[in-house]
Amino acid sequence: MVIITANRVISLIQEEIAKWHIENENRKPEHVIVTDEIRRIKPLNEHRDNIEQVIRELTITNTEMWHEEDKVRSMKDEVVLRAIRNINPLNQHRNDLMEEVDEIVLDNLNQ
């Protein structure tokens, strides 16, 4: 059984958000997130047992989504449209990751 503490989860989230900002500080505003790019992170139907890895990916996905949601407030239609196109696959991926966390927790509880 894998046990992860709340403090460890907080630490993982803080690490990933800080890393994301460093890696993406020079990202162009026209960056488009596509479903294929997301699937490269976690292929369909792949079951994992590493909850830390999934939490890291969930944090990255949430961070991406929050930044895209900020763009929706832009006065430029092309920025808004691009952001909306990015939000849809990110939201689906976030839901998939949350389900994966649930699966890992349930697997561990059943042991």
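# Close-up views of a four-helix chain

**Figure 1. Glu 68 is buried, at 2% relative accessibility.** This view, like those that follow, is drawn from a predicted model. Glu 68 forms a salt bridge with Lys 71, and the closest N and O atoms of the pair lie 2.9 Å apart. Both residues belong to helix H3, where a spacing of three residues places Lys 71 and Glu 68 about one helical turn from each other. Because the relative accessibility of Glu 68 is 2%, under the 20% limit, the residue is classed as buried. Side chains of opposite charge can pair when their charged atoms come close.

**Figure 2. Salt bridges with shared partners join six named residues into one network: Arg 8, Glu 15, Glu 16, Lys 19, Glu 52 and Arg 56.** A search of the whole structure returns eight salt bridges. One of the pairs is Glu 52 with Arg 8, whose closest N and O atoms are 3.0 Å apart. This pair connects distant parts of the chain, since Glu 52 lies in helix H3 and Arg 8 in helix H1, 44 residues apart. Glu 52 has a relative accessible area of 27% and is therefore partly exposed. Arg 8, at 29% relative accessibility, likewise counts as partly exposed.

**Figure 3. Arg 56 and Glu 15 form a salt bridge between helix H3 and helix H1.** The closest N and O atoms of Arg 56 and Glu 15 are separated by 3.0 Å. Arg 56 is contributed by helix H3 and Glu 15 by helix H1, so that residues 41 positions apart are linked. The relative accessibility of Arg 56 is 23%, which means that this residue counts as partly exposed. Glu 15 is also partly exposed, with a value of 35%. Arg 56 and Glu 15 both take part in the network that includes Glu 16 and Lys 19.

**Figure 4. The largest nonpolar core consists of eight residues.** The members are Leu 12, Ile 51, Val 54, Ile 55, Leu 58, Leu 97, Val 101 and Ile 104. Helices H3 and H4 are the elements that give two or more residues to this core. The greatest contribution is that of H3, with four residues. Leu 58, one of the core residues, touches Arg 94, Leu 97 and Met 98 when residues up to four places away in sequence are not counted. In soluble globular proteins, nonpolar side chains tend to be buried together.

**Figure 5. Thr 63 is buried in helix H3.** Helix H3 comprises residues 51-71, and Thr 63 is placed within it. The relative accessible area of Thr 63 is 2%; the residue is therefore buried. Leaving aside neighbours within four places in sequence, Thr 63 is in contact with Ile 17, Trp 20 and His 21. These partners can be placed in helix H1, which spans residues 6-24.

**Figure 6. Asp 70 of helix H3 is partly exposed.** The relative accessibility of Asp 70 is 48%. The C-alpha atom of Asp 70 is separated by 8.5 Å from that of Ala 83, a residue 13 positions away along the chain. Ala 83 falls within the range of helix H4, residues 77-110.

**Figure 7. Val 105, Leu 106 and Leu 109 form a nonpolar patch on the surface.** Together, the three residues present about 280 Å² of accessible area. Val 105 is located in helix H4, which runs from residue 77 to residue 110. At 36% relative accessibility, Val 105 counts as partly exposed. The chain as a whole exposes about 7,500 Å², of which carbon and sulfur atoms supply 54%.

**Figure 8. The chain contains four helices and zero strands.** Along the sequence, the elements follow the pattern α-α-α-α. Of the 111 residues, 30% count as buried. Among contacts between residues at least 6 apart in sequence, 76% join residues at least 24 apart. The mean pLDDT of the chain is 84, and 86% of the residues reach 70 or more. Helix H1 (residues 6-24) has the highest mean pLDDT among the elements, 94, whereas helix H2 (residues 35-41) has the lowest, 60. Where pLDDT is low, the predicted coordinates should not be read in detail.

Note on methods: Residues numbered from 1 in each chain as written. Predicted model: local features only at pLDDT ≥ 70, side-chain atom pairs only at ≥ 80, totals over all residues. Heavy atoms only, no water. Patch = residues over 30% accessible without salt bridge, like charges linked within 9 Å, V, L, I, M, F, W, Y side chains within 5 Å. Areas by Shrake-Rupley, 256 points an atom, 1.4 Å probe, with all protein chains shown as cover. Salt bridge = Lys/Arg side-chain N within 4 Å of Asp/Glu carboxyl O. Buried < 20%, exposed > 50% of the residue type's maximum accessible area, 1.4 Å probe, protein only. Contact = heavy atoms within 4.5 Å. Core = buried A, V, L, I, M, F, W, Y, C linked by side-chain atoms within 4.5 Å. pLDDT = per-residue confidence, 0-100.
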